[in-house]
Amino acid sequence: MPPPAAAPIIPIALITGFLGSGKTTLLNALLRHPAMRDTAVIVNEFGEIGLDHLLIETAFEDALLLKSGCICCTVRGDLTDTILTLRDRRRCGELPPFARIAIETTGLADPAPIIATLAEEPRLAEFAALGSVLVTVDAVNGASQLQSSYESVKQAALADALILTKTDLADAATRAALEAVLRAINPAAAIHEAVKGAIAPALLFESAAAAAGRDRLAAAAHGASTAHDGHSDDRDHLLRHHGIHSFTLTHDAPLSWPALQQWLEALASLKGPDLLRLKGLVDVAGRRGPVLINAVQHVFHPPQELARWPDADHRTRLVFITRNIPEAAIINSFAAIVAAAPAESDPEMPAGLPGRSP
């Protein structure tokens, strides 16, 4: 008899955003959607998520079963323990089955430690994995918040997708100016609008969202991050004010994976806190398709070999979002590693990036 199939990994969506940016409205709207019925929601205990009108009387200690069929609980200690408690109570039948987890943070949260926990905690590896980071941005007040708060800038820099809220209250010029700033901060993130929280659940959990992110790397590599328009002065001032810089590094020839891994390890070790985001497609010697790499500060997600390139450009393209790291320092160190290690075919799947076990 064949061994039983392994249980599917539960995808996790991290929803964050600055104070008053509409996280609660977004989450409430999502939980009403039929496609989200089998979802477990974890909120910070200091959050103000307004679920009262969705609750029914069935409660499992600190977990509530919502009318929509979702499970809601709060973080009352360690996030890992909260997730594992949900897992254990699901397995023993105390909680209904769920197929995904959504985590909502408070408005002043730094997402990086949460991302690190979800990526590095070995106790979670066989049960759940971070799928996407969604950041809500207030279309009316977002520009001023980005100017005054580094927390809001960092949240935007770490996003896989930026969700513009309250767009019905902002005119076209205001939205365009805000989008220009967001694209300067994070050129590889998708930007979506959510009017009164309405947005497709697939944007949180569907794997196609990750594929769309890979496609956007091509646009970023061709200058989307440096395009100038009527708002360029405001955008450049914002980035200088917070020390944020985004740029794309490209390389025409196939790369040696061991050499690239050595460079990334050094970069993460020396500059990890200021390496806000790195996402890229790498042309690895001996591989038919590109290898997707994705990092938040010192934490690297497992490299993913893709079946094919998303466009006709087969160069290595690495999109960086950094704080107070000179672009020239990264480019020069990369050039030195490439020059010192000619590419050779690697028959093995790339592995062993910093922040992960090989």
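**A tour of two cavities**

The second largest cavity has a volume of about 50 Å³, and that is where this tour begins. Keep in mind as you look around that the model is predicted.

**Stop 1: the second largest cavity.** Select A159, D160, N186, A188, A189, R277, K279, V319 and I321, the residues that line this cavity. Next, colour strand 11 (275-282) and strand 15 (316-323), the elements that each give two or more residues to this lining. What is the make-up of the lining of the second largest cavity, in nonpolar, polar and charged residues? Five are nonpolar, one is polar and three are charged.

**Stop 2: the largest cavity.** Now move on to the largest cavity, with a volume of about 60 Å³. To see its walls, select F18, S21, V135, T136, V137, D138, G142, Q145, L146, S152, Q155 and A156.

Which elements supply at least two residues each to the lining of the largest cavity? Show strand 7 (128-138), helix 4 (142-148) and helix 5 (150-157), and you have them in view. Linger on strand 7, as this strand gives the most to the lining, with four residues.

Try colouring the lining of the largest cavity by residue class: you will find five nonpolar residues, six polar and one charged.

**Stepping back.** Finally, show both linings together. How many cavities of 30 Å³ or more does the structure hold? The count is two, with volumes of about 60 Å³ for the largest and about 50 Å³ for the second largest.

Methods. Residues numbered from 1 in each chain as written. Predicted model: local features only at pLDDT ≥ 70, side-chain atom pairs only at ≥ 80, totals over all residues. Heavy atoms only, no water. 1 Å grid on protein atoms, 1.4 Å probe; cavity = no way out; pocket = protein on both sides within 12 Å on 5 of 7 lines; lining within 4 Å. Points joined across faces, edges and corners; volume = space filled by probe spheres on them. Nonpolar A, V, L, I, M, F, W, Y, C, P; charged D, E, K, R; others polar.
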